[in-house]
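Q: Please take a close look at the annotated binding site of this protein and at the surroundings of the ligand. I would like a connected account of where the parts lie and what they touch.

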Amino acid sequence: MIKAYLKHCEERKSDNLPPLALDAKQTKSVVESLISGLDDDFYLNLLTHRVPPGVDEAAYVKAGFLTSIAKGEQSCNAISRKHATFLLGTMLGGYSIESLINLLDDDETAEEACKALSLTILIYEAHQSIMEKSANNAHAKKIVDSWASADWFTSKETLPESIKVTVFRVDGETNTDDLSPATEAWSRPDIPLHAKAMLVKKMDKPLEKIEELKQKGNPLAYVGDVVGTGSSRKSAINSVLWHMGEPIDYIPNKNSGGIVLGGKIAPIFFNTAEDSGALPIQCDVSELKMGDEITIYPYEGTIKDASGEVISKFNLAPSTMPDEVRAGGRIPLIIGRGLTDKTRAELGLAVSDVFLRPVDPKNSSLGFTLAQKIVGKACGVKGIRPGTYCEPRMSTVGSQDTTGAMTRDELKELACLGFSADLVMQSFCHTAAYPKPIDLELQHTLPDFMHSRGGVSLKPGDGIIHSWLNRMLLPDSVGTGGDSHTRFPIGISFPAGSGLVAFGASIGVLPLDMPESVLVRFKGEMQPGITLRDLVNAIPYVAIQKGLLTVDKSNKKNIFSGRVLEIEGLGDLKVEQAFELADATAERSANGCTVKLNKEPIAEYLNSNITLLGSMIDSGYDDKKTIAKRIQDMKKWLDNPELLEADKDCEYSEVIEINLNDIKEPIVACPNDPDDVRLLSSVAKTSIDEVFIGSCMTNIGHFRAAAQLLKDKSELNTVLWVVPPTRMDEKQLRAEGIYETFERLTDRTEVPGCSLCMGNQARVEEGASVVSTSTRNFPNRLGDNSNVFLASAEVAAISAKLGYIPTSEEYLSLMKDIEPLSGEIYQYLNFDQIADYQESSSNVPLEMILQS
Ligand code: SF4
């Protein structure tokens, strides 16, 4: 092992990278060397600093070895019983906890075990064992008192009064793809390696600049006008912190700390920074230039230049930020604070005043919005006012593959051996089409990891995470997902980075500062030829006209940013259609979305989904019991189909009315900004090279419509990409003969999944002009220097047919031709009416599974 490891270290060093953390096999080899007394210092250093903490397989080997030494069952020259106990205490919890509790009974190790457990917060069920033990064991009593005094927190340094930093400035907007490019998604779990890709497409020699600025001797602050828009990528903050944060004791290849200053910081990125122990501050950054040495006064809310002049003011938010930084992040703060609160409650003590508690807004007698009621229900109260800190119960949690490996690592660090959220689902949609060896390894290992904790795992080729997760939802419930497009068409989701997703899945609640809401109310009648995608684009279109949204990045206005976008007036939409509206709220940087639907489409959707979930069990998908429980809960809702509704006197930050009668031609998002929406006529006749019909913004109706519009063509001058969202859509489209049209016109029909939308798999030609049905058109996402218009499948198909974006007249005329068929075209997948699925589902012994 050592030869191979040293070679690995050399290779990594030549790339200016630290070696990877040890895996279980390597850790076993280190243990064997220590037992044989070989080069003690070297191997002890590896065991101490290079094994991941928590419930990693390597941590299992480490904990087993240290336990045997601490108990005196195994001797080792390099490690005394006491030191082994100390090292168990550096593992953050998981496999070390039970051993440490037992070591409290041994005079030689008790004191060290006591110290370790006093500062450990990932205690979970072991809390009760220690409380019970404290009746007869003085060391256990000391631990309980220490938890009650919050020593785990007070032993850490407070957020300083002033912090001197050097500015690393990135002008304009930095999206998470700039920080963590999708093309490098495979390397995300290897934080140091992945961090090498940070900003390389955005600016000239960014990493060299970082190194140059570090020579000034201060920590660096990441500064930008708009920071962290786009996907919910923990990897984005991981990369920032790798270059600008501080190492964490005993945890290999991961940093914490760091400072982000942004004119606007996207909500998910802000939360991810908080969770990682960074200090994100929203403030005016116009006076902060690359290389400036500045001093931040977090409590005062000022930033001063080298001469002491105030160059920016801010309000430190949330109010608990100093505690979050002190605790090493929002997640450790919540877990630790919970441990202290729970211990004090059991001891009959008053609530600790050590912490800055979230401040709830003033009482109000006004009613609640739909989102406030849904979150209230998940917290066991009638409603939650904006600004209130709460922890809603997680009904459904989604994890996708390019963040899945990081979520797995976070779950291990959280010492999670079983999910507390009701349903956790893993997908493989982002890597299905062109998996790299590292993706294949993930596809083989992650399903078992998820199943063993009660999660549900899809298979590569099954399709896009949201198209599946939506089919597992319960009305009026709350969830989250490690993909910024986890936006529930029924209920509400607050998408998050992989750290928070792991927290939600593991602990079963999500920390949330309830956002304000913006109401978008549609009224009037849909006009001929207008599609749901046009209504999606109508939201920013009308907001721009009202001065509530600007496209320009400097001093950008965005009424939706960080708020919940609540949509009303389209109650008869099918749930699949409602998702188009919800999905695109990610592009508005909204924190969440609700769509008010009538009971009938929801009941239709649930009946269909019960059959689909039943057929999944029959086809061998795991975890069966979790799926069966979800079927049972769906049936329960159908027995008494009640839906929450906004109160008439509830308050919104803004109400935007959109009159459908006014939308008479399609609206498209222009290159390369999803907010830059314009009428079709203003971009008509733009020549188009490639067309993509796919992504989670599509459903089966879009493919039928596209095929109908293209069926009279025998060849195209444009490259056409066709990617159905799920394998069920593809199967049905093939059964209906729709696929023949596509396969005649293109050989780019791809495996169901994200395909071009993700940008990490196939790409469009460099510099291509593209019409795409995908979600976002940030620069370089679909292809280098591509110009991407986001539009409906119908506009996309007609553009493919003509080779240019149609005029409004051309578009409406072609749409008129397919209008008589619209009843057949826009039919959704009702699995309860499809024989294969019905039969498969009827085979499932639901009761037996539930009782197993
Ligand atoms: S289709 Fe695009 S937006 Fe949807 S989940 Fe996949 S990558 Fe994300």
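A: The account below begins with the binding-site annotation, then turns to the ligand and the domains. The model is a predicted one.

In an unreviewed entry, UniProt gives the feature "binding site" to R188, S231, S232, R233, Q400, D401, T402, S484, R776 and R781. Two of these positions, S231 and D401, are described here in detail.

S231 is located in a loop, the one that joins β2 (220-229) to α14 (234-244). This serine is classed as buried because 31 C-beta neighbours lie inside 10 Å, where 20 or more are needed for that class. When residues up to four places away in sequence are left out, S231 touches T176, D177, D483 and S484. Of these partners, S484 is itself listed by UniProt under "binding site".

D401 belongs to a helix, α19, which covers residues 401-413. D401 also counts as buried, because it has 29 C-beta neighbours inside 10 Å. Apart from neighbours within four places in sequence, the contacts of D401 are S427, F428, C429, H430, T431 and L442.

The ligand can be considered next. Around it are 14 residues, of which S695, C696, C754, C757 and M758 come nearest. Sorted by class, this shell consists of 7 nonpolar, 6 polar and 1 charged residues. The ligand lies between domain 3 (392-510) and domain 5 (666-806), because both domains give residues to its shell.

These two belong to a wider division of the protein, which comprises domain 1 (2-154), domain 2 (163-317), domain 3 (392-510), domain 4 (517-597 + 644-661) and domain 5 (666-806). Domain 3 also meets domain 4: 12 residues of domain 3 are in contact with 14 residues of domain 4. The side of domain 3 that touches domain 4 is made up, by class, of 5 nonpolar, 5 polar and 2 charged residues. Taken over C-alpha atoms, the centres of domain 3 and domain 4 are separated by 26 Å.

Finally, the N-terminal part carries an annotation of its own. UniProt, again in an unreviewed entry, places the feature "domain: Aconitase B HEAT-like" at residues 4-153. Over residues 4-153, the chain is 66% helix and 0% strand, and the C-alpha atoms at the two ends of this stretch are 41 Å apart.

Key: Residues numbered from 1 in each chain as written. Predicted model: local features only at pLDDT ≥ 70, side-chain atom pairs only at ≥ 80, totals over all residues. UniProt positions renumbered as here; feature names shortened; annotations may be inferred. Helix = DSSP H or I, 4+ residues; strand = E, 2+ residues; numbered from the N terminus. Buried ≥ 20, exposed ≤ 12 C-beta atoms within 10 Å, placed from the backbone. Contact = placed C-beta atoms within 7 Å. Near = placed C-beta within 6 Å. Nonpolar A, V, L, I, M, F, W, Y, C, P; charged D, E, K, R; others polar. Domains from an automatic or database assignment.
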